[in-house]
Amino acid sequence: MYWRTYRARSSRVCCTGNENMFAFHFAIYLYFSGTWEEGKSSDTQKWSSLEHKGPYFPPEYEPLPDNICFNYDGQPVKLSPVTEEIATFYAKMLDHEYTSKEVFQNNFFCDWREEMTKEERKLIKTLSKCDFSQIHKYFVEKSEERKNMTKEEKQVLKEEASRLMEEYGYCLLDGHREKIGNFKLEPPGLFRGRGEHPKMGKLKKRIQPEDVTINCSQDSKIPAPPAGHRWKRVQHDNTVTWLASWLENIHGRPKYIMLNPSSKLKGEKDWQKYETARRLKMKVDSIRKQYRRDWTSREMKIRQRGVAIYFIDKLALRAGNEKDDESADTVGCCSLRVEHITLHRRLDAQEHVVEFDFLGKDSIRYYNKVPVEKQVFKNLKLFIKHKDPEDDLFDRITTVKLNKTLNESMPGLTAKVFRTFNASTTLQDQLNKLTTGGMTVEEKILSYNRANRAVAILCNHQRAAPKTFERSMQLLQEKIQKKKEQIEEAKKELKEAKKAHKDAPSDKSKKLLEKKEKAVQRLGEQLKKLQLQETDREENKVIALGTSKLNYLDPRISVAWCKKHQVPIEKIYNKTQRDKFAWAIDMTDENFQF
């Protein structure tokens with residue numbers, strides 16, 4: 001209840017941009033909500049005490065029944081347990097497009113043969129002679145069995161999942177029970193990747209306790225490894241927030257078990273991220289003046305840096321990092337090559353147009369035709385002069401150097417902060433523009449999704465249309481047609497009621513007339529809701545709204561908008577998102593502006 005005393009004041013502080021005062025009220029919020037009695041963590045120490053049970057390991061492989069055979073060159077072959085398990089990974093994917101790709105097939109077969117026994121390698125030499133059909137059929141049937149489980153059988157599974165969550169899904173952080181984000185280790189399988197990833201099909205090996213480093217406080221009870229195993233290492237590092245770590249074998253990169261997004265440490269990190277983006281609002285004009293001055297510098301690297309920052313600012317491009325030959329050929333701003341842009345002196349009645357075409361993060365294609373300032377266009381012509389298509393566009397700069405320059409302009413500023421700033425600014429501007437008085441809740445939600453879509457387009461958050469899209473749209477259109485028929489019928493009944501009341505007016509005929517009028521009105525409102533749903537679904541068919549909502553949009557914008565326009569927060573954020581942004585929901589009033 002004490003927090004209510006501070007809520008309005010802290011929201012007003014939000015609007016003034018006084019970060020130090022807002023940090024104080026954020027600490028007050030965490031203190032009185034019972035999640036942060038020790039105050040804001042320092043930049044180095046993240047916690048004082050941390051205790052947990054360690055990760056949950058997936059069950060060991062269960063061999064196939066004796067009547068399920070793998071066949072090679074038309075003959076049944078009894079595989080060793082390790083070889084058989086890997087065969088099941090491929091068999092489960094037979095009806096997926098991945099297994100039709102040559103790269104996937106080659107990587108799988110190469111890794112599979114490495115795990116075979118000597119005798120198996122002598123026999124199994126060609127993937128085309130391998131017959132996984134029986135194994136595939138077996139798992140399809142198992143999947144159908146799971147779908148057709150009784151209510152009681154599903155309840156048993158649900159109770160087991162709850163038990164695992166209770167045992168492994170929580171930790172004690174500074175004396176408080178906090179939810180863990182991903183306590184289950186990923187089971188072994190085949191790597192898929194996004195787009196045409198060169199490592200698709202490679203074996204993701206089973207993670208053993210001997211691969212895992214545990215992080216907990218020195219005075220806590222160290223989690224016990226599975227029987228017969230030991231941890232790789234146990235450490236007590238309170239400057240990091242992960243609970244367990246290991247190296248995945250595909251890229252050799254570390255992976256972590258982290259706290260749930262709703263935890264106080266994650267909430268604090270989110271708040272700091274959005275406050276840094278809000279600080280950029282005060283500096284962005286001077287930064288823009290500077291990169292414009294850089295366009296005419298005598299030094300080529302300064303010119304390139306100025307144009308790169310302009311692209312990151314104007315187009316919300318990711319900075320881009322250097323890639324090795326075994327990574328997917330995805331690029332960002334600093335790693336653009338000459339082949340990724342085409343310059344048009346004039347195109348579609350616009351001057352100085354740059355046509356971008358490249359694969360961005362997760363192999364999502366970025367295609368855009370953008371008019372740029374004349375000096376930028378001149379510089380780009382200069383940058384590509386005497387270069388081959390595969391040469392770097394910005395050959396004098398790196399992401400590290402670019403971010404260092406940005407940090408000198410404003411402490412904590414990176415290319416990603418620009419992306420967060422522009423995404424949140426776009427959402428705020430679009431909401432202010434699209435939301436008007438007199439709208440229904442459904443119309444307001446459509447406006448919100450349109451504002452969110454403008455951000456998703458800016459950030460290139462695309463997706464493939466869901467497989468169920470056509471069917472769900474068909475069902476919705478059928479509902480709309482049925483509703484129109486109901487309205488026509490209701491209008492006929494209303495016309496008859498009007499005529500009856502006119503011919504023989506009475507209290508009874510008057511009440512019937514009013515009832516029919518309300519029915520027509522109610523059905524009309526229902527039709528309007530369905531039509532709004534249809535518009536919303538169609539517009540968002542290939543746009544991923546969730547990515548920007550979770551990672552780039554200051555949640556206080558959405559919370560303030562909901563409160564100002566009387567839209568239930570549940571219409572914008574699902575349960576998981578509400579938990580993640582609990583800090584914003586509790587401390588933001590309707591007057592907040594990014």
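Visitor: What share of the contacts in the chain with a separation of 6 or more comes from residues 24 or more positions apart?

Guide: The share is 68%. A contact here means heavy atoms within 4.5 Å. This is a predicted model, where local features need pLDDT of at least 70, side-chain atom pairs count only at pLDDT 80 or more, and totals for chains, interfaces and linings use all residues. Residues are numbered from 1 along each chain as its sequence is written, and side-chain values use heavy atoms, without hydrogens and water.

Visitor: What makes a residue buried, and how many are?

Guide: Buried means under 20% relative accessible area, with a 1.4 Å probe and protein chains only. Of the 594 residues in the chain, 43% are buried.

Visitor: Why is the space lined by His52 and Tyr168 called a cavity?

Guide: On a 1 Å grid over the protein atoms alone, a cavity is a set of points where a 1.4 Å probe fits but cannot get out. Lining residues have an atom within 4 Å of a point. His52, Tyr168, Phe183 and Ile257 are among those lining the largest cavity, which holds about 40 Å³.

Visitor: What makes a pocket, and how much space lies in the second largest?

Guide: A pocket is an open set with protein on both sides within 12 Å along at least five of seven lines. The second largest holds about 990 Å³. Of its 30 lining residues, Tyr61, Phe89, Lys92, Phe139 and Pro187 are the closest to its centre.

Visitor: Which helix gives the most to that lining?

Guide: Helix 6, with five residues.

Methods:
Buried means under 20% relative accessible area, exposed over 50%, partly exposed in between (1.4 Å probe, protein chains only). Grid points are joined across faces, edges and corners, and a volume is the space filled by probe spheres set on the points. Helices (H or I, at least four residues) and strands (E, at least two) are DSSP runs, numbered from the N terminus.
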